[in-house]
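Visitor: I'd like a close look at a single part of this one, taken slowly, with its surroundings filled in as we go. Could you walk me through it?

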Amino acid sequence: QVQLVESGGGLVQAGGSLRLSCAASVRTFSRYNMGWFRQAPGKERDFVAAIGWSGSNTYYADPVKGRFTISRDNAKNTVYLQMNSLKPEDTAIYYCAAQRVGSSEYAFWGQGTQVTVSS
């Protein structure tokens, strides 16, 4: 079982930055790929970014490429999402999720953290 707790959300003006953190309570954090997803009001949950277990491979959704950076610290069991040049359309609840290496699904999810970008 993996427990995930996000933090770092808040209210920011357009053009500003936030860094989200996701702390994982698991003994073998390096056995999990990690992802960030977001859900805006009235919309489905969308993929934002993902990082492989070693941190060597990263993937981004087109709307955030060049503005967001995903990283991880396996010694701290934490994954980060640095968000720069934020836009009002980035407003959403952001969730982190864990995918065991070799699995096809993200089986573990955090409770989410709200990010609001004002224009």
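Visitor: Let's take Cys96: is Cys96 buried or exposed?

Guide: Happy to, and bear in mind throughout that this is a predicted model. Cys96 counts as buried because its relative accessible area is 0%, against a cut-off of under 20%.

Let's start with the strand it sits in. Cys96 is part of strand 9, which covers residues 92-100. Strand 9 pairs with strand 4 in the antiparallel sense, over eight bridges. Look across from Cys96 and you land on Trp36, its bridge partner. Trp36 also turns up in the list of contacts: leaving out residues up to four places away in sequence, Cys96 touches Leu4, Glu6, Cys22, Gly35, Trp36, Phe108, Trp109 and Gly110. For a sense of how the chain folds back here, try Arg45: Cys96 and Arg45 are 51 residues apart in sequence, yet their C-alpha atoms are 12 Å apart in space.

Now step over to strand 4, residues 32-39. Seven of its eight residues are buried, so strand 4 is largely enclosed by the rest of the structure. Besides strand 9, strand 4 has strand 5 as a partner, and these two run antiparallel with six bridges joining them. One pair to pick out is Met34, which stands opposite Ile51 in strand 5. Strands 4 and 5 form a hairpin with five residues between the strands, and Gly42 in that hairpin takes a positive phi near 75 degrees.

While you're at this hairpin, have a look at the largest pocket, which holds about 170 Å³ of space. The lining has 14 residues, and the closest to the pocket's centre are Arg38, Ala40, Lys43, Asp46 and Glu89. Strand 4 and strand 5 each supply at least two residues of that lining. Strand 5 gives the largest share, three residues.

Back inside, some of the names around Cys96 come up again in the largest nonpolar core. That core has 29 residues, and the ones that touch the most other members are Leu4, Met34, Trp36, Leu81, Met83 and Tyr94. So far we've met Leu4 and Trp36 as contacts of Cys96, and Met34 as the residue facing Ile51. The elements that give two or more residues to the core are strand 3, strand 4, strand 5, strand 7, strand 8, strand 9 and strand 11.

Leu4 takes us to the other group of strands. An open sheet of four strands has the order 1-3-8-7, with antiparallel pairing. Its edge strands are strand 1 (3-7) and strand 7 (68-73), each pairing on one side only. From one strand to the next, the twist averages 15 degrees.

Go across that sheet in order. Strand 1 and strand 3 pair over five antiparallel bridges, and Val5 has Ala23 in strand 3 as its bridge partner. Strand 3 then pairs with strand 8 over six bridges, again in the antiparallel sense. Here Leu20 stands opposite Leu81 in strand 8, and Leu81 is another of the core residues that touch the most other members. Last comes strand 7, joined to strand 8 by six bridges and running antiparallel to it; in this pairing Arg72 stands opposite Val79.

Strand 8 spans residues 78-83, which brings us to Met83. Leaving aside neighbours within four places in sequence, Met83 is in contact with Gly16, Ser17, Leu18, Leu20, Arg67, Phe68, Tyr94 and Val115. Among these, Tyr94 is also one of the core residues touching the most other members.

Before you leave strand 8, check the loops on either side. Asn77 lies in the loop between strand 7 and strand 8, and has a positive phi of about 55 degrees although it is not a glycine. In the loop between strand 8 and strand 9 you'll find Ser85, also with a positive phi, of about 50 degrees, and also not a glycine. Their surroundings read differently by accessibility: Asn77 counts as buried because it comes in at 19%, whereas Ser85, at 41%, counts as partly exposed. From Ser85's loop the chain runs on into strand 9, where Cys96 lies, and that puts us back where we began.

How values were computed
Residues numbered from 1 in each chain as written. Predicted model: local features only at pLDDT ≥ 70, side-chain atom pairs only at ≥ 80, totals over all residues. Heavy atoms only, no water. Pairing = 2+ DSSP bridges. Axes fitted to C-alpha atoms, helices over the stretch in contact; angles between N-to-C directions. Core = buried A, V, L, I, M, F, W, Y, C linked by side-chain atoms within 4.5 Å. Buried < 20%, exposed > 50% of the residue type's maximum accessible area, 1.4 Å probe, protein only. Contact = heavy atoms within 4.5 Å. 1 Å grid on protein atoms, 1.4 Å probe; cavity = no way out; pocket = protein on both sides within 12 Å on 5 of 7 lines; lining within 4 Å. Points joined across faces, edges and corners; volume = space filled by probe spheres on them.
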